[in-house]
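Here is a set of short exercises with worked solutions, to be done with the model open beside you. Try each task yourself before reading on.

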Amino acid sequence: MTQPLLSVNGVSKYFGGLKAVDEVDFDVFPREILGILGPNGAGKTVLFNLISGIYQPTAGEVHFCGQRIDGLPPHLIAQRGMGRTFQIVKPFGSLTVLQNVLVARGVMRYGHLTKIWGPWGSKAEIREAMEVLDKVGLTELAQRKASLLPLGNLRRLEIARALIVGHTVLLLDESFSGLRHDEIGQLERLIRRIRDDGRTIILIEHNMRVTMGLCDRIVVLDHGRKIAEGAPKDIQQDEAVIEAYLGRKGISHAS
Amino acid sequence: MSSYTITIGTIIVIQAIAVCGLNVIVGYAGQISLGHAAFFGIGAYTAAMLSTKAGLSFWTALPLVIAIGGFIGFLLGLPSIRVREDFLAITTIGINFIVEAVFRYVPFFGGALGIGGIPRIVFFGERLKGMTFLLLCLVFLFLVLLVCWWLTRCWASLACYAVRDEESAASTMGISHVRFKLLAFVIGTSMAALAGSLYAHYMQFINAGDFSFPVSVGFLSMLVLGGMGTIWGPVIGTLILGVLPEIFRPLVDYRILFYTLLLLLMIRFQPGGLLGEESAMRRVLAPILRRGKA
Ligand SMILES: Nc1ncnc2c1ncn2[C@@H]1O[C@H](COP(=O)(O)OP(=O)(O)O)[C@@H](O)[C@H]1O
Ligand SMILES: [Mg+2]
């Protein structure tokens with residue numbers, strides 16, 4: 001069995017009395033696409049915030065490439081090769097699309113105090129950034145101000161930035177939401193390609209069809225707890241999952 | 001040029017240098033500072049002490065003044081930038097009052113009397129005053145503008161903008177918000193210290209009151225009027241607010257009221273300042289500039 005790339009051990013996050021994430025365990029293996037599923041408020045985004053260092057866990061440990069990362073500030077975790085997107089998009093509004101990617105590309109200059117004073121994009125860096133923009137289909141909008149883009153394009157921009165930072169792991173938080181039908185298909189293909197390039201992806205997704213089709217394995221959260229983990233087809237038949245998520249949805253559809 | 005015009009001009013140029021520094025902190029890095037006069041004062045007092053007590057010339061003292069200004073900026077900035085944005089305004093006001101009080105009440109800094117007898121700047125055997133001093137200040141302003149221009153071209157500025165726009169997203173892109181806010185703070189306060197040094201050697205006599213809180217409000221008004229984050233905004237803003245009270249004398253007495261009103265009006269109607277991207281002035285100027293190019 002291969003070593004897990006990322007392992008989450010007994011991680012909890014309490015906000016006052018609310019157990020947003022409650023003793024969650026799972027491992028992620030290299031080149032896997034892992035889905036995180038769960039109803040609204042299940043603690044999925046909080047879990048991402050714990051992994052990427054925005055929040056510190058109340059209890060538990062997170063290991064990345066064999067090293068403990070919980071407690072590290074987010075920028076140090078990013079520098080180790082973890083990239084992420086935000087469910088509520090966070091573009092750098094005053095920068096162009098290209099600059100948004102270049103600033104993320106700077107993660108590689110970082111720590112070299114002399115390099116940060118260099119011009120913001122060398123030819124090679126701009127080429128690299130344009131390649132990433134091409135991957136997500138934003139080439140034409142490279143010079144556009146990020147604050148002027150519609151949501152669908154902002155979601156792609158988030159992925160472009162995460163791609164350049166996350167040379168090992170990408171965390172995608174509901175990247176499909178708000179996309180048109182054809183855009184969903186494109187994004188699915190993109191995610192597969194990224195994985196085939198050798199990266200590992202963890203994604204939070206509400207769209208059942210997408211999650212089932214794309215993920216190798218799925219972890220299901222409900223009220224902060226992990227209630228199931230397994231291959232998509234097993235998850236679909238899991239009692240607890242049907243109860244917590246599919247079932248509730250089924251009932252609301254029926255009514 | 002009359003000596004009166006030269007005096008006004010010199011003060012405006014010195015203030016413009018300080019406001020450029022404020023622009024790096026507020027405009028580029030998005031951190032509100034209402035205590036910039038403190039750092040202007042720290043530069044002035046350091047220059048005054050080094051020349052009157054240690055007998056250093058302006059030129060030998062200058063690197064020290066800038067370094068000390070930046071270092072104190074670093075020390076005071078470290079705790080300040082960790083607080084939430086709205087607290088930062090209050091913290092910087094606090095810094096301004098404390099620094100002013102230290103100058104006023106600590107006998108080492110001349111106490112209430114301030115420091116006098118600050119020598120003129122000597123350049124190749126020539127003691128600079130009047131026009132030559134103004135020229136020297138203009139050279140420094142030019143150098144500061146050059147640094148500011150480069151700051152908009154280098155990667156560090158992208159990082160500062162990113163932190164300003166979306167701090168948490170920047171951090172997950174590997175950018176430490178503490179480091180870049182601090183960097184902007186240190187650069188901005190060193191520029192203020194440079195301006196302070198010029199001020200001390202120009203006035204030859206300084207007093208704690210020259211660096212009080214209303215001066216900080218003035219600096220911020222100049223910046224907001226001209227356009228935060230633009231390169232020429234600080235110069236335009238300082239020029240207008242420096243010349244206006246000379247034309248309308250009564251304004252002098254109501255300076256603070258005027259500054260505050262102006263700040264509020266600008267933020268309400270033209271938050272980008274006169275030279276801001278979406279400003280009315282840009283819209284008027286744009287076709288003219290385009291025609292000029294064609
Ligand atoms: N910073 C916070 N402070 C307090 N409660 C929070 C905070 N962030 C999230 N929560 C709560 O934690 C729970 C899980 O939220 P979240 O992870 O965003 O859900 P989702 O699974 O839909 O992404 C919710 O009840 C939410 O209100
Ligand atoms: Mg969420």
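**Exercise 1. Find where His223(A) lies, and say what is unusual about its backbone.**

Solution. Start with the location: His223(A) sits in the loop between strand 9 (217-222) and strand 10 (225-230) of chain A. Keep in mind that this is a predicted model. Next, read the backbone angle: phi of His223(A) is positive, about 45°, although the residue is not a glycine. Why does that deserve a second look? Because most residues other than glycine have a negative phi. Finally, check the surroundings: His223(A) has a relative accessible area of 59%, which is over 50%, so the residue is exposed.

**Exercise 2. Do the same for Glu23(A): which element holds it, and is it buried or exposed?**

Solution. Step one is the element: Glu23(A) belongs to strand 2 (residues 18-28) of chain A. Step two is the angle: its phi is positive, about 50°, and Glu23(A) is not a glycine. Step three is the accessibility: at 52%, Glu23(A) passes the 50% cut-off and therefore counts as exposed.

**Exercise 3. Identify the protein donors of the magnesium ion (ligand 2).**

Solution. Begin with the atoms: OG1 of Thr45(A) and OE1 of Gln87(A) are the protein donors, lying 2.0 to 2.1 Å from the ion. Now place them along the chain. Thr45(A) is in helix 1 (residues 44-51) of chain A, while Gln87(A) is in the loop between strand 6 (82-84) and helix 3 (97-105) of chain A. The two donors are 42 residues apart, so this pair links distant parts of the chain. Last, look at accessibility: Thr45(A) is partly exposed at 26%, and Gln87(A) is partly exposed at 28%. One caution for this site: water is not among the atoms, so the site may look incomplete.

**Exercise 4. Trace the salt bridges of Glu183(A), then look at other salt bridges in the structure.**

Solution. First, take the partner Arg156(A): the closest N and O atoms of Glu183(A) and Arg156(A) are 3.3 Å apart. This salt bridge links distant parts of the chain, with Glu183(A) in helix 6 (residues 181-196) of chain A and Arg156(A) in helix 5 (residues 151-165) of chain A, 27 residues apart. Both Glu183(A) and Arg156(A) are buried. Second, Glu183(A) forms a salt bridge with Arg180(A), where the closest N and O atoms are 3.7 Å apart. Third, put a number on the burial: Glu183(A) has a relative accessibility of 7%.

Now move on to Arg68(A) and Asp70(A), whose side chains meet in a salt bridge at 3.0 Å, N to O. Here Arg68(A) is partly exposed at 44%, whereas Asp70(A) is buried at 15%. There is also a network of salt bridges that links Glu32(A), Arg217(A), Lys226(A) and Glu229(A). Over all chains, the structure holds 19 salt bridges.

**Exercise 5. Describe the interface of chain B and chain A: which kinds of contact does the rule find there?**

Solution. Count the residues: 28 from chain B are in contact with 32 from chain A. Then take the area: about 2,500 Å² is buried between the chains, and carbon and sulfur atoms give 68% of it. Turn to the contacts: the rule finds zero salt bridges across this interface, but it does find eight residue pairs in polar contact. On the side of chain B that touches chain A, helix 5 (131-153), helix 6 (155-165), helix 7 (167-171) and helix 8 of chain B each give two or more residues. Helix 6 of chain B gives the most, with eight residues.

**Exercise 6. Which residues of the largest nonpolar core touch the most other members?**

Solution. Among the 144 residues of this core, the answer is Phe180(B), Leu198(B) and Ile206(B). Then ask about its makeup: helix 8 (residues 177-203) of chain B supplies the largest share, 14 residues. A second, separate core has 29 residues, including Leu34(A), Leu50(A), Val169(A) and Ile204(A).

**Exercise 7. Work out the surroundings of Ser51(B).**

Solution. Locate Ser51(B) in helix 2 (residues 36-52) of chain B. With 8% relative accessibility, Ser51(B) is under 20% and so counts as buried. Its side chain reaches the backbone oxygen of Ala47(B) at 3.0 Å. Leaving out residues up to four places away in sequence, Ser51(B) touches Leu56(B), Ile118(B), Pro119(B) and His201(B).

Conventions:
Residues are numbered from 1 along each chain as its sequence is written. Chains are lettered from A and ligands numbered from 1 in the order in which they are written. This is a predicted model: local features need pLDDT of at least 70, side-chain atom pairs count only at pLDDT 80 or more; totals for chains, interfaces and linings use all residues. Side-chain values use heavy atoms; hydrogens and water are left out. Donors are N, O and S atoms within 2.8 Å of the metal (3.2 Å for Na, K and Ca); water is not among the atoms, so sites may look incomplete. Helices (H or I, at least four residues) and strands (E, at least two) are DSSP runs, numbered from the N terminus. Buried means under 20% relative accessible area, exposed over 50%, partly exposed in between (1.4 Å probe, protein chains only). A nonpolar core is a set of buried Ala, Val, Leu, Ile, Met, Phe, Trp, Tyr and Cys residues joined through side-chain atoms within 4.5 Å. Contact means heavy atoms within 4.5 Å. Buried area is the accessible area (1.4 Å probe) that two parts lose on being put together, summed over both. A salt bridge is a side-chain nitrogen of Lys or Arg within 4 Å of a carboxyl oxygen of Asp or Glu. A polar contact is a pair of N or O atoms within 3.5 Å; within protein, one must be able to donate a hydrogen and the other to accept it, and residues adjacent in sequence count only if both atoms are side-chain atoms.
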